[in-house]
Amino acid sequence: MKVKYYGHSCFSIHTGGKALLFDPFISENPLAKDIDISSIEADYIFLSHAHHDHTADAIAIAERTGAKIIGIWEISEWAKRQGHENTHPMNIGGFFTFDFGTVQMVKAVHSSSFSDGSYGGNAAGFVISSEGKSFYYSGDTALTFDMQLIAERHNLNFAFLPIGNNFTMDITDAISASKFIKCNHIIGMHYDTFGYILVDHQEAVNQFNLSGKLLTLMNIGQTLDL
Ligand code: NI
Ligand code: MN
């Protein structure tokens with residue numbers, strides 16, 4: 001799987017011959033100013049929740065690429081109201097098999113409303129299985145014991161977890177989460193974008209190391225093969 005980082009919580013993963021894009025927030029992220037948003041490929045756009053720092057560029061990219069938007073029911077309905085009919089609604093706990101692999105929508109502990117105040121359903125995460133590998137994209141979430149259920153059902157090769165604190169888990173809780181989900185390789189997200197969520201990168205990596213876990217903090221624009 002080829003993973004590319006577009007800043008904040010936005011990644012693309014090329015797998016199963018498809019481009020999966022998660023939580024696009026690029027055009028309004030000063031840290032991602034060097035990303036050419038018109039070059040981003042997407043066959044599917046996953047939206048973990050409605051907050052603007054996860055959905056800002058979703059409709060524009062979906063319209064340009066024709067991508068299918070995957071999100072909880074209320075997010076799918078919102079996308080249709082924006083004029084984008086190509087959506088796939090899910091809800092917490094459900095699995096669906098797409099042409100690139102299987103997706104389970106899982107619980108996140110967070111809020112979810114659009115910038116106009118309209119309801120975005122519950123916040124969610126995704127577990128994706130494709131090409132014989134599985135990864136977890138948690139979205140914005142607190143640490144929760146429910147993460148242990150993910151390890152009951154999935155053998156994760158890597159996971160995307162927030163580490164920025166204030167709005168989500170901090171580094172200490174993200175390490176606990178990595179234990180709950182039984183995953184040794186975490187890719188950090190949701191840090192540094194705003195003044196509230198600045199992270200000392202070396203300190204974060206060292207703390208994960210002390211727990212026997214690998215934390216990868218990707219540079220914006222960087223690609224990894226996983
Ligand atoms: Ni949020
Ligand atoms: Mn957020």
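**Exercise 1.** In this predicted model, the side chains of Asp99 and Lys18 meet in a salt bridge, 3.6 Å from N to O. Work out which parts of the chain this pair ties together.

*Solution.*
- Step 1: Check the cut-off. A salt bridge needs a Lys or Arg side-chain nitrogen within 4 Å of an Asp or Glu carboxyl oxygen, and this pair has 3.6 Å.
- Step 2: Find each partner. Asp99 sits in the loop between E7 and E8, while Lys18 belongs to strand E3, so the bridge ties together parts that are 81 residues apart in sequence.
- Step 3: Look at the surface. Asp99 is exposed at 51% relative accessible area, whereas Lys18, at 25%, is partly exposed.

**Exercise 2.** Lys80 and Glu77 also form a salt bridge. How are they placed in helix H3?

*Solution.*
- Step 1: Take the distance: the closest N and O atoms are 3.2 Å apart.
- Step 2: Now the helix. H3 covers residues 73–81, and the two are three residues apart in it, which means about one helical turn separates them.
- Step 3: Check accessibility. Lys80 is partly exposed at 31%, and Glu77 is partly exposed at 25%.

**Exercise 3.** Say whether the rings of Phe22 and Phe46 are stacked or edge-to-face, then do the same for Phe46 and Phe100.

*Solution.*
- Step 1: For Phe22 and Phe46, the ring centres are 4.6 Å apart and the planes meet at 10°. Planes under 30 degrees apart count as stacked, so this pair is stacked.
- Step 2: Place that pair. Phe22 is in strand E3 and Phe46 in strand E4, 24 residues apart.
- Step 3: Phe46 and Phe100 have centres 6.2 Å apart and planes at 75°. Over 60 counts as edge-to-face, so that's our second label.
- Step 4: Place this one too. Phe100 is in the loop between strands E7 and E8, 54 residues from Phe46.
- Step 5: Add burial. Phe22 is buried at 0%, Phe46 is buried at 0% and Phe100 is buried at 4%.

**Exercise 4.** Which residues coordinate the manganese ion (ligand 2), and which residue coordinates both metal ions?

*Solution.*
- Step 1: List the donors: Asp53 (OD), His54 (NE2), Asp140 (OD) and His190 (NE2), at 2.2 Å.
- Step 2: Bring in the nickel ion (ligand 1). The manganese ion is 3.0 Å from it, and Asp140 coordinates both.
- Step 3: Trace two donors. His54 lies in helix H1 and Asp140 in the loop between strand E10 and helix H4, so they tie together parts 86 residues apart in sequence.
- Step 4: Finish with accessibility. His54 is buried at 0%, and Asp140 is buried at 2%.

Notes. Residues numbered from 1 in each chain as written. Chains lettered and ligands numbered in written order. Predicted model: local features only at pLDDT ≥ 70, side-chain atom pairs only at ≥ 80, totals over all residues. Heavy atoms only, no water. Donors = N, O, S within 2.8 Å, 3.2 Å for Na, K, Ca; no water. Helix = DSSP H or I, 4+ residues; strand = E, 2+ residues; numbered from the N terminus. Buried < 20%, exposed > 50% of the residue type's maximum accessible area, 1.4 Å probe, protein only. Phe/Tyr/Trp six-rings, centres within 6.5 Å; stacked < 30°, edge-to-face > 60°.
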